[in-house]
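Me: I am new to this structure and should be grateful for a close look at a single part of it. Please describe the sheet and what is found around it.

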Amino acid sequence: MGHREPANSRTGTTPLLWSTIRDQIIRDIVEGKIPPGSWLPTNAQIQERWEVSNRTSRRVLQELEQAGWAQGRGTRGYLATAGPAPQQIGQPALPAAFADATLPDTTRRDTAPGAPRPAHTIPINGQIPAEFARLRIISVGYEPAPAPVAYALNLTGPGAAVCVRRRLVVTPTTDATPLEVRISYTPGVHPDSPLAKPQLLPDTWPDNLATHTGHRPTTATSYISTRPAEDWEAVALHLPPATPALVRLTTLAASGTPIDQTVSIWPAATTTIQAEGHPIA
């Protein structure tokens, strides 16, 4: 069943209704049900699915375009986009401590951009094996959640502040070659919690969440894609600009409630994701 308007609101001005439809369509884009570049539901389709007026459906599409989730194509309709650019959603610049710590030392052959790095095969739900990598905590702070994170975590909006932990995974011997950038967005973390401190934590990330938030993750949903590395990612991983990166977004939930989203970014040329035992379509 679609969302039904109250009988006295057929003017389409009910704020909750149009915003609910808008947020559902954004969630469908974030979750890949409506891939960027594909057509969004038309005015008529929105009216039929949610049983709303033409005025409401038009406002939904206009709001999506203004928020950076759609591009108008005249009478043909609207195309979905990958979402607003960081400057549109108020995403802060990368903390100086993280940026400074990951700048390559160009005087060393093993740390210069483009330097050889080991190749790794990673389980679809795992990490680089511990014997081949070392985890460094680079920065921890509170920042506005990027729009896709806010929607994945069911937050009130992209401006909601969450605890952000950025880690750099490097080779264990020289501590020089970066292998992965890992970012966790966790709402509801107290500033005195170990999760909010720039220190190594002894257990796996799900175990640490259970210990320090009181919520043990029971499900994990991951999305994997390849895209050009963003400028700061290329700097952190010592890659040439726009080098392809492999990106995994994992949302952890406890009893159906999202409690964390972690983004892992690897150099695509040296990283393989492996899934064993999956059914054949």
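Reply: In this predicted model, a suitable place to begin is the pairing of strand 5 with strand 6 (residues 178-186), which is antiparallel and runs over eight bridges. Within that pairing, Leu168 has Val181 of strand 6 as its bridge partner.

Strands of a sheet pair through backbone hydrogen bonds, in either a parallel or an antiparallel sense. Here the two strands belong to an open sheet of six strands, arranged in the order 4-5-6-9-8-7 with antiparallel pairing. Strand 4 and strand 7 are the edge strands, and each of them pairs on one side only. On average, and with direction ignored, neighbouring strands of the sheet are turned by 15° against each other.

Helix 6 packs on this sheet, where it touches strand 5, strand 6, strand 8 and strand 9. The direction of helix 6 makes about 150° with that of strand 9.

Several of these elements also take part in the second largest pocket, whose volume is about 820 Å³. The pocket is lined by 30 residues, and those closest to its centre are Gln127, Arg182, Thr204, Trp205 and Pro206. Two or more lining residues come from each of strand 4 (134-144), strand 5 (161-170), helix 6 (205-213), strand 7 (219-228), strand 8 (244-254) and strand 9 (257-267). By character, the lining comprises 14 nonpolar, nine polar and seven charged residues.

A further feature concerns aromatic side chains. The model has one aromatic pair, formed by Trp69 and Tyr151 in an edge-to-face arrangement, with 6.1 Å from centre to centre and 80° between the planes. Trp69 lies in the loop between helix 3 (54-66) and strand 1 (70-72), and Tyr151 lies in helix 5 (residues 147-152), so the pair ties together parts that are 82 residues apart in sequence.

How values were computed
Residues are numbered from 1 along each chain as its sequence is written. This is a predicted model: local features need pLDDT of at least 70, side-chain atom pairs count only at pLDDT 80 or more; totals for chains, interfaces and linings use all residues. Side-chain values use heavy atoms; hydrogens and water are left out. On a 1 Å grid over the protein atoms alone, a cavity is a set of points where a 1.4 Å probe fits but cannot get out, and a pocket is an open set with protein on both sides within 12 Å along at least five of seven lines; lining residues have an atom within 4 Å of a point. Grid points are joined across faces, edges and corners, and a volume is the space filled by probe spheres set on the points. Helices (H or I, at least four residues) and strands (E, at least two) are DSSP runs, numbered from the N terminus. Ala, Val, Leu, Ile, Met, Phe, Trp, Tyr, Cys and Pro count as nonpolar, Asp, Glu, Lys and Arg as charged, and the others, Gly among them, as polar. Two strands pair if DSSP finds at least two bridges between them. Axes are lines fitted to C-alpha atoms, for helices over the stretch in contact, and angles run from 0 to 180 degrees between N-to-C directions. Contact means heavy atoms within 4.5 Å. Rings of Phe, Tyr and Trp (its six-membered ring) pair if their centres lie within 6.5 Å; planes under 30 degrees apart count as stacked, over 60 as edge-to-face and the rest as tilted.
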